[in-house]
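Hello,

Here is the structure I promised to pass on. Have a look at it first, and my notes follow underneath.

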Amino acid sequence: MKIKPYLAGLLLLMGITLLISACSFFGQTQWSEDELASLRNLWIDSLPPLPVDPSNQYADDPRAATFGQKLFFDTRFSSNGRVACATCHLPGQLFQDGTPLAHGVGTTSRRTMTIIGTAYSPWFFWDGRKDSQWAQALGPMENPVEHGGNRTMYAHLISKYYLEDYESLFGPLPDLSRLPPDAGPVADTQAAANWEGMSPEDREAVTFIYVNMGKAIAAYERLLIPGESRFDRYVEAVLNSDYESANKILTPEEIAGLKLFIGEASCTNCHNGPLFTNNDFHNTGVPAAPDLPEDVGRAKGAQQVLADEFNCLSTYSDAQPQQCGELRFLVADGHELERQFKPPSLRNVATRGPYMHAGQFATLEEVLNHYNTAPEAPVGHSELEPLKLSEKQITQIIAFLKTLNGPIHAEAQWLAAPE
Amino acid sequence: MKQPTPKSKLNRTLLWIGGILGGLVLLLAIVFGVMVARMSDVPSDLDYSATRLSDDGFYRVSYIASPGKIPINQMHQWTLHVETADGQPVEDATITVDGDMPQHGHGLPTRPQVTENLGNGDYLVEGLKFQMGGWWVMDFVITANGQSDSVHFNMLLK
């Protein structure tokens, strides 16, 4: 039989193409150098040691963590006696609450963020209006719809229930007996008037107690670090060139999703590093939540953190001004900030819906469809371009995201209310 | 049956070679096409050097990042060295700093500044941070002795 010459060329082409496809099929675990670098970047072992918090001199004091844990779970520190930090940051639910909006004394206009791993973040809340864990912890305490309390109320509670814990760490409490039961720079008009009626010295003394509460809570929260997930075990095996083990850890579908995640789907633009977040702010065109006031995100948060009485440069911070780099070089204004929000960590993402800053999306399918179609932002400019992924590819990415489930890397004593 | 003439043998050989070559060219075109699509938007002719001449040729500017490899998501600093085109250090320049990702429609996550004149044409740039990998451009406007000129550095961060 004679073979036509042009057919020979075609056959050769088909043969080589087949060989290449076969290689890429069987070699799904053969990552390029760039991809390996991306995997290493996302790996939990790339997480650096817990960064120091120069603004909190008690951050690494175990006694402060123990005291902070007590405060974290104590519902007496609220206007109705029923709300603690742990009300929304539930230890059994990865220190978040699984509902679109947080419910304290009232209802907030934002989704509760997890606390796990936040010691690594320079910014707190969805809009970064706080720049330390301790300053963050103090926000909800005097928010009328969260704890709903005030500074003298908390100082009296410390004096009554935690005198020894407090004084052993922070020194003697000032005499509080002549101070009003309720006073603070809060929405409640009576408490606000009482606060105005206090001397500047008394206000500062009470504020120091309040700040120390925050620093103790932060010392506790710092201990909540994400642990190893199936994804991390896969990366470890791949980096050891142990593909036999690697391919038993993740399925081909999950690996395909991972490849998309670090490649075509551009997820690592924002969800990079071992915590799967760059801790920056982005407008991704997330739709406005119905029935909530307009939310401009970072545009307001940047102004708030700059003016915040508890920021890194404040008198209540233990940091030297040159240690406040994030604040000194802050992007404080500009159209770009409008409706930017912080990308949350994706560790354990599959078990903690709903998603986005007001819980706009119930499922990961909805989230991925949003990124796939990239609708225009309700305010400001969305950074997204449509991904144009197939349904199969979306399924693969979601399968990969589920490999990020893992435990909290902390001693058991920190993962429940104290004895 | 007709015997193949020497001429038709030669033709057949040429056709074989042509067919095989054609197949290879097509394959290369496909592979190249995929590679171009993968590298998508980043222009292929970018100059990534850390020493560049300013737009109008007034200054030769170089940077050294600390740490050496530019990190992602980490505040760090650069030392910028400014000299004239003929190699004299520019001692008392005023320098403004900006930067962006040309393909992403966003700028820097921080507002870096020159915070110290280190002498000998060296300037400390603090507050630098890049929040993702990809193509970044840093822009410096240098003003000295009444002459302003801009210099741009391309970086492909991984």
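A good place to begin is a turn in chain B. Please keep in mind that this is a predicted model. In the hairpin formed by E8(B) and E9(B), two residues sit between the strands, and Asn145(B) has a positive phi near 50 degrees there. The two strands, E8 at residues 134-144 of chain B and E9 at residues 147-157 of chain B, run antiparallel and pair over 11 bridges. One of the bridge pairs joins Gly134(B) to Leu157(B) in E9(B). If you look at the side chains here, a general point may help: in a regular strand they alternate between the two faces of the sheet.

Stepping back to the whole of chain B, you will find one helix and nine strands. Read from the N terminus, the order is α-β-β-β-β-β-β-β-β-β. Chain B has 158 residues, of which 23% are buried. Taking the contacts in chain B between residues at least 6 apart in sequence, 56% link residues at least 24 apart.

Now to chain A. Its domain assignment gives two entries:

- domain 1 of chain A covers 32-47 + 229-292 + 338-404;
- domain 2 of chain A covers 62-224.

Measuring over C-alpha atoms is how the separation was computed, and the centres of these two domains of chain A are 33 Å apart. Where they meet, 17 residues of domain 1 of chain A contact 19 residues of domain 2 of chain A. On the domain 1 side, the touching residues comprise eight nonpolar, six polar and three charged.

Which residues of the largest nonpolar core touch the most other members? They are Tyr154(A), Met213(A), Ala216(A), Ile217(A) and Ala219(A), in a core of 45 residues. Five helices of chain A each supply at least two residues of this core: H3 (62-72), H5 (133-141), H6 (151-161), H8 (189-197) and H9 (200-221). H9(A) gives the most, with 10 residues.

For a closer view, try Tyr154(A). Leaving out residues up to four places away in sequence, Tyr154(A) touches Phe77(A), Met141(A), Gly149(A), Tyr210(A) and Met213(A). There is also a second, separate core, made up of 33 residues, and among them are Val235(A), Leu250(A), Leu258(A) and Phe261(A). As general background, nonpolar side chains tend to be buried together in soluble globular proteins.

Happy browsing, and best wishes!

Terms used. Residues are numbered from 1 along each chain as its sequence is written. Chains are lettered from A and ligands numbered from 1 in the order in which they are written. This is a predicted model: local features need pLDDT of at least 70, side-chain atom pairs count only at pLDDT 80 or more; totals for chains, interfaces and linings use all residues. Two strands pair if DSSP finds at least two bridges between them. Helices (H or I, at least four residues) and strands (E, at least two) are DSSP runs, numbered from the N terminus. A residue is buried if 20 or more other C-beta atoms lie within 10 Å of its own, exposed if 12 or fewer, and partly exposed in between; C-beta atoms are placed from the backbone. Two residues are in contact if their C-beta atoms, placed from the backbone, lie within 7 Å. A nonpolar core is a set of buried Ala, Val, Leu, Ile, Met, Phe, Trp, Tyr and Cys residues joined through C-beta atoms within 7 Å. Domain bounds come from an automatic or database domain assignment. Ala, Val, Leu, Ile, Met, Phe, Trp, Tyr, Cys and Pro count as nonpolar, Asp, Glu, Lys and Arg as charged, and the others, Gly among them, as polar.
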